[in-house]
Amino acid sequence: AMLKALDWLSSEKVQVVNLSMAGSDNRIMHYAITQAATRGMVLVAAVGNWGTEDTPAYPAAYQESIGVTAVDSQDAIYSYANRGVYVAFAAPGVQIWTAVPGGGKFQSGTSFAAPYLTAKIASEMAASPGASAEYFREYLSRQAIDLGAPGKDKVFGWGLVKQPPRCAPGDSAKTR
C-alpha cells in the first residue's frame, strides 16, 4: 500500500509528503522512499516514540527523509521521542488537539510534530517550487532555534522550527 501511495503521489506531482509512521528498516520501504526522493519529493517523517537511541525508526532514519521529533509548549523534548543522528528538526508535538471520531482530543507524539514541519515546507514551496529536501534541510537549519547542544544534536536535531509558515507569496509577518 505504501509503494502504491508514494507512486500515486509522485504521478500527481505532489512535492511534499508527511510520513507519520515509524517502524524497522525494510528494503522495500527504503526502495519506495528512494524512488520518491529521486523524483523530487520531499519526505518528512516522524522519528518514532520508543524513547530510545539504540533502535532507529524508519522511514525517518533513511537519509532521503527529514526526521522530526516532538517538543512540548515549554520546548522540552517529548519523553517518548526517539533520539539519534537522523533527528533533523523539532516541532510542536505534545498535547496537540486532534480530530477523532465523535470530536477531538489532545494527543502527543512525533507523528503530531511531523505534519507541522510538512506544512511549513509545503508553504515555503510556493516561494521555491521544486526545491529539494537538501535545500529545506539547509534553509530550516538556519531558522531553527537551537535547543540542545550547540549545532545539530541527537535530541533536537538542528532545533525547533517555530516560525509561522508563509500563507501566500509576498505575505509578511506584519500582517499576521
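Let me begin with one residue, Ile-28, which counts as exposed because its relative accessibility is 54%, and exposed here means over 50%. I should say straight away that what we are looking at is a predicted model. Ile-28 belongs to helix α2, which covers residues 27-38, and together with Leu-3 and Tyr-31 it forms a nonpolar patch on the surface, the three sharing about 330 Å² of accessible area.

From the surface, let me turn to the sheet. Four strands make up an open sheet, arranged in the order β1-β2-β3-β4, and their pairing is parallel. At the edges lie β1, residues 16-19, and β4, residues 87-92, each of which pairs on one side only. Going from one strand to the next, the twist averages 30°. As a reminder, strands of a sheet pair through backbone hydrogen bonds, either parallel or antiparallel. If we look at one pairing in detail, β1 runs parallel to strand β2, residues 42-46, with four bridges between them, and within this part of the sheet Val-17 stands opposite Leu-43 of β2.

That brings me to the last element, helix α4, which spans residues 133-143. Which of the residues in α4 are buried? They are Ala-133, Phe-136, Arg-137, Tyr-139, Leu-140 and Ser-141, so that the list holds an arginine and a serine alongside residues such as Phe-136 and Leu-140. As for what covers these buried residues of α4, the cover includes three strands of the sheet, namely β2, β3 (65-71) and β4, and also helix α3, residues 110-125.

Conventions:
Residues numbered from 1 in each chain as written. Predicted model: local features only at pLDDT ≥ 70, side-chain atom pairs only at ≥ 80, totals over all residues. Heavy atoms only, no water. Patch = residues over 30% accessible without salt bridge, like charges linked within 9 Å, V, L, I, M, F, W, Y side chains within 5 Å. Areas by Shrake-Rupley, 256 points an atom, 1.4 Å probe, with all protein chains shown as cover. Salt bridge = Lys/Arg side-chain N within 4 Å of Asp/Glu carboxyl O. Helix = DSSP H or I, 4+ residues; strand = E, 2+ residues; numbered from the N terminus. Buried < 20%, exposed > 50% of the residue type's maximum accessible area, 1.4 Å probe, protein only. Pairing = 2+ DSSP bridges. Axes fitted to C-alpha atoms, helices over the stretch in contact; angles between N-to-C directions. Contact = heavy atoms within 4.5 Å.
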